[in-house]
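Visitor: I'd like to learn how to read a structure like this one. Could you walk me through it?

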Amino acid sequence: MKSFINVEDLGPLDKAMAEAFEIKKDRFKYQHLGKNKTLMMIFFNNSLRTRLSTQKAAMNLGMNVIVLDVNAGAWKLETERGVIMDGDKSEHLLEAIPVMGCYCDLIGVRSFAGLTDREYDYAETVLQQFIKYSGRPVFAMETATVHPLQAFADLITIEEHKVVERPKVVLTWAPHCRALPQAVPNSFAQWMDAAPDVDLVITHPEGYELDPKFVGNATIEYDQKKAFEGADFIYAKNWSNPGVTNPADYGKITCTDRSWTVDTEHMSWTNNGKFMHCLPVRRNLIVTDDVIESPNSLVIPEAANREISCSVVIKRMLEAL
């Protein structure tokens, strides 16, 4: 596996899931694969779970780890070609990337959407430059449009906690005070659609439609209560307007309806549903205290499984070296 961005990069999901549960039983089983190998983790944006889980997974596999915060301690990087660099950016990404590649065997990249230019964001411009110029296998630690490590961990969590063979899983939009990318909901939708034993329903205000290439065969339901009825899992996440129905709205907050906040009444519509969120979460905006602190909240096991999903991905990449 030379790159990891979307669910299809992982191959058959049943094999990947079996591998995940194998690793969860013995996290150090494949430590020999990473001996004398180095992972470089490059962060253009802040991180807690991704940083810690990816570093832990790499260490479990015997790797050395280098962490670079581009915005704290490195030269400011220019990402556009053809720019006269007479401003505050001292180095171009096209020189920085191959230099980074000299010092490692694998590269993980975290770079969020700018939310101003949909074409630029959805082309995954920054990530694709790493794939093209680094000379190393590259995996996404959340990008402008996807967060596959999170979605993989979500699928593992659902498999562990489901009580019916084919659970109803609902991805619900929730309000937020800031414009957020669509990366997490895009990947969640994509991975749940690819899973063979999940019924996926996506609910959101009209105008917030995700890109069809991620939604797949999911059911879209604009009535949140109807969507929640009989659900086994509720995955709450805000996203800014994807600009699918109106490109001029891309990256904007076009709905602030607080009735979409997931509270006890919302969860009462479900089939004793489990609550999920990728974290960090704005309490009493996305979800109320009583829901996220309830016995049916899976946010901590979900976060813990980030180590497992990342272990599978790094293992596959090390085996391909």
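**Cysteines, helices and sheets**

Visitor: Let's begin with a cysteine: is Cys104 buried or exposed?
Guide: Cys104 counts as buried, at 4% relative accessibility, because the cut-off for buried is under 20%. Keep in mind that this is a predicted model.

Visitor: And is Cys102 buried or exposed?
Guide: Cys102 is exposed, with a relative accessible area of 58%. The cut-off for that word is over 50%.

Visitor: How many disulfides are there?
Guide: To call one, you look for two cysteine sulfur atoms within 2.5 Å. The count here comes to 0 disulfides. Take Cys102: its nearest cysteine sulfur belongs to Cys104, 8.7 Å away.

Visitor: Why does the sulfur of Cys104 make no bond?
Guide: The closest cysteine sulfur, in Cys102, is 8.7 Å away, and that's too far for a bond.

Visitor: On to helices. At what angle do helix H1 and helix H6 pack?
Guide: Helix H1 takes in residues 13–25 and helix H6 residues 148–161. They pack at about 75°, and their axes are 11 Å apart. An angle of 65 to 115 degrees counts as roughly perpendicular, and H1 and H6 are therefore described that way.

Visitor: Which residues make the contact?
Guide: H1 brings Leu13, Ala16, Met17, Ala20, Phe21 and Lys24, while H6 brings Phe152, Leu155, Ile156, Glu159 and Glu160. Sort the contact of H1 with H6 by class and you get 8 nonpolar, no polar and 3 charged residues.

Visitor: How do I read a sheet?
Guide: Strands of a sheet pair through backbone hydrogen bonds, either parallel or antiparallel. Here's one to try: 5 strands make an open sheet, in the order E1-E7-E6-E2-E3, with parallel pairing.

Visitor: Which strands stand at the edges?
Guide: Strand E1 (3–4) and strand E3 (64–69) do. Each has a single partner strand, so one side of each is left without a neighbour in the sheet.

Visitor: Can you show me some pairs inside that sheet?
Guide: Sure. E2 and E3 run parallel, joined by 6 bridges, and Ile42 has Leu68 in E3 as its bridge partner. Strand E6 (residues 106–110) also pairs in the parallel sense with strand E7 (residues 138–140), over 3 bridges. There, Val138 in E7 is the bridge partner of Ile107.

Visitor: How many residues of E2 are buried?
Guide: 6 of its 6 residues are buried. Thr38, Met40 and Ile42 point one way, and Leu39, Met41 and Phe43 point the other way. As for what lies across this sheet, helix H12 (residues 299–319) crosses E1, strand E2 (38–43), E6 and E7, running at about 165° to E7.

Visitor: What is the strand order in the other open sheet?
Guide: The order is E10-E9-E8-E11-E12, again 5 strands with parallel pairing. Strand E10 (219–220) and strand E12 (274–276) stand at its edges, each with a single partner strand. Strand E9 (residues 199–203) and E10 are joined by 2 bridges, and Ile202 stands opposite Ile220 in E10.

Visitor: Which helix lies across strand E8?
Guide: Helix H7 (residues 183–194) lies across strand E8 (168–173), E9 and strand E11 (233–237), at about 155° to E9. For a close look, pick Ala189, found in helix H7. Ala189 is buried, with a relative accessible area of 0%.

Visitor: Which residues is Ala189 in contact with, leaving aside its neighbours within four places in sequence?
Guide: Those are Leu171, Leu200, Ile202, Phe214 and Val215. You can also compare sequence with space: Ala189 and Val201 are 12 residues apart along the chain, and 8.9 Å apart from C-alpha to C-alpha.

Note on methods:
Residues numbered from 1 in each chain as written. Predicted model: local features only at pLDDT ≥ 70, side-chain atom pairs only at ≥ 80, totals over all residues. Heavy atoms only, no water. Buried < 20%, exposed > 50% of the residue type's maximum accessible area, 1.4 Å probe, protein only. Axes fitted to C-alpha atoms, helices over the stretch in contact; angles between N-to-C directions. Helix = DSSP H or I, 4+ residues; strand = E, 2+ residues; numbered from the N terminus. Parallel < 35°, antiparallel > 145°, perpendicular 65-115°, else oblique. Contact = heavy atoms within 4.5 Å. Nonpolar A, V, L, I, M, F, W, Y, C, P; charged D, E, K, R; others polar. Pairing = 2+ DSSP bridges.
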